[in-house]
Every structure is written in structure tokens, then in C-alpha cells.
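The following exercises are meant to be worked through with the coordinates open. Each one sets a task and is followed by a stepwise solution.

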Amino acid sequence: MPRVSLAFLTTAALTALAGMAWGSQMGASGDHSMMPAHAHLNLLGWVTLSIMGGVYALPGLRCNVMVAWANYVLSTAGAVLMALLLPAVLTEKISGHIMMVAEIPAILGMLLFLVSLLGNWRRPAAA
Ligand code: HEM
Ligand code: HEM
């Protein structure tokens, strides 16, 4: 497996563990006010990073390794910053505009993922 896939999938599993622990805590306490933060740590962390890591492991995929690593750094930053900043926004300690700090890397990471995929359209289709 390429190192970049291993990095994506290891980080995805770590965010899943953190997200599940957070969900369990919400369930046990009955306080669901952090639901969007829990949901997006799981969705941008576990779900998005796993899909990207899985795709970069596909044997037929051709992509620039630096683009793949930049994708990893940005998408991981987006997931982690989302989980770190959203609780303060939800409790109205800081303005919602600060979420741009998480949204921009998340969106740029997805754009780089698209770049990695698009290059493959130039190659003859396998099937
Ligand atoms: C041990 C594992 C988990 C526990 C205990 C847990 C617990 C919870 C709880 C208590 C809520 C609040 C429900 C509500 O107020 O309606 C919630 C919401 C949510 N969780 Fe989890 N969760 C877990 C794993 C996950 C995972 C793996 C994902 C994503 C892949 C996920 C995605 C979501 C989403 C999207 C919502 C919002 C649902 C909605 O809009 O009604 N959760 N979770
Ligand atoms: C930059 C990335 C993203 C931004 C800025 C964003 C923003 C939002 C916002 C503002 C809400 C409404 C929250 C509320 O009403 O409390 C929401 C809900 C939701 N989003 Fe996202 N989202 C992002 C990525 C994603 C991704 C990647 C997924 C799925 C893989 C996803 C799935 C959901 C779901 C299931 C809900 C309903 C559950 C909830 O209220 O937390 N989002 N999102």
C-alpha cells in the first residue's frame, strides 16, 4: 500500500475513534449540543479520509505523489480544525466566520483529490 494511503487510513481510524468516543459521551450524558461537531469529525475524518486513502491505494491510479500528500495534509487539517473550532462556535464563544479556517483546507483538499482523479481521464480506459 502506498505510504500516502496508509497515512490517510491511519488518520481516518484515529478520527473515527475520537468521533465514536465523542458520540458515546454525548449518548451517555444526554447532551447532544455538540452533534454537528461529532458528525463532521466522523464525516470529514473517518468517511472522507477513508475514501481518499482507499482510492490512492488502487493499483491502476496514476497521480503526482506531491499532490496526494498535499491532499492528505489539507484534508486532515480540515477535519481536525472542524472538530476543534466548531464547539466554540456552537457555544457562541467565537463567530461562525472562523469556520473558514477549517472549510478552506477541507475544500482545497477535495480539489486536490479531484486533480488526482482528473489526470487519469487522459489514460486509456481499463474497462
Ligand atoms: C460509537 C459510535 C457512535 C456513537 C455512540 C454516536 C452517537 C451519536 C449521537 C448521540 C448523536 C446525536 C443524535 C441526535 O441528537 O439526534 C449522533 C449524531 C450523528 N452522528 Fe454519530 N455516533 C457514532 C458514530 C458515528 C459515525 C461513525 C458517524 C459517521 C460515519 C456518525 C455520524 C453522525 C451524524 C451525521 C449525526 C447527525 C445525525 C442527524 O443529523 O440527525 N456517528 N451520533
Ligand atoms: C467544508 C465541509 C463542510 C461544511 C462547511 C459543512 C457544513 C454543514 C452545515 C452548516 C450543516 C448544518 C448544521 C446544522 O444545521 O446544525 C451541515 C450538516 C450536515 N452535513 Fe456538512 N459540511 C461539510 C462537509 C460535510 C461532509 C463531507 C459530509 C458527508 C460526508 C457532510 C454531511 C452532513 C450531514 C449528514 C449533515 C446533517 C447533520 C448535522 O446537522 O450535523 N458534511 N454541514
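His40 lies in helix 2, which covers residues 35-56; helices here are DSSP runs of H or I with at least four residues, strands are runs of E with at least two, and both are numbered from the N terminus. This is a predicted model, in which local features need pLDDT of at least 70 and side-chain atom pairs count only at pLDDT 80 or more, while totals for chains, interfaces and linings use all residues. Residues are numbered from 1 along each chain as its sequence is written, chains are lettered from A and ligands numbered from 1 in the order in which they are written, and side-chain values use heavy atoms, with hydrogens and water left out.

**Exercise 1. Determine which protein atoms serve as donors to the iron atoms of ligand 1 and ligand 2.**

Step 1. Apply the cut-off: donors are N, O and S atoms within 2.8 Å of the metal (3.2 Å for Na, K and Ca), and since water is not among the atoms, sites may look incomplete.

Step 2. For ligand 2, the only protein donor of the iron atom is NE2 of His40, at 2.1 Å.

Step 3. For ligand 1, the only protein donor of the iron atom is NE2 of His38, at 2.0 Å, and His38, too, lies in helix 2.

**Exercise 2. Describe the shell around ligand 1 by residue, class and contact.**

Step 1. Counting residues with a heavy atom within 4 Å of the ligand, the shell consists of Met20, Gly23, Ser24, Met26, Gly27, His32, Met35, His38, Ala39, Asn42, Leu43 and Val47.

Step 2. Helix 1 (3-29) and helix 2 each supply at least two of these residues, and helix 2 gives the most, with 6.

Step 3. By class there are 6 nonpolar, 6 polar and no charged residues, where Ala, Val, Leu, Ile, Met, Phe, Trp, Tyr, Cys and Pro count as nonpolar, Asp, Glu, Lys and Arg as charged, and the others, Gly among them, as polar.

Step 4. Among the side-chain pairs, a polar atom of His32 lies 2.6 Å from an oxygen atom of ligand 1, whereas an N or O atom in the side chain of Asn42 is 3.4 Å from a nitrogen atom of the ligand.

**Exercise 3. Describe the shell around ligand 2 in the corresponding way.**

Step 1. The residues around ligand 2 are Met35, Pro36, Ala39, His40, Leu43, Leu44, Thr48, Glu103 and Ala106.

Step 2. Two or more of these residues come from each of helix 2 and helix 4 (100-118), with the largest share, 7 residues, supplied by helix 2.

Step 3. The class count is 6 nonpolar, 2 polar and 1 charged residues.

**Exercise 4. What span should helix 2 have, and where is its kink centred?**

Step 1. The expected span is 1.5 Å times one less than the number of residues, so the 22 residues of helix 2 should span 32 Å, and its end C-alpha atoms, 30 Å apart, agree with this.

Step 2. A kink of about 25° is centred on Thr48, the bend being the angle between axes fitted to the seven residues ending at a residue and the seven starting there.

**Exercise 5. Is Val47 buried, partly exposed or exposed?**

Step 1. Buried means under 20% relative accessible area, exposed over 50%, and partly exposed in between (1.4 Å probe, protein chains only).

Step 2. Val47, in helix 2, has a relative accessible area of 35% and is therefore partly exposed.

Conventions: A polar contact is a pair of N or O atoms within 3.5 Å; within protein, one must be able to donate a hydrogen and the other to accept it, and residues adjacent in sequence count only if both atoms are side-chain atoms.
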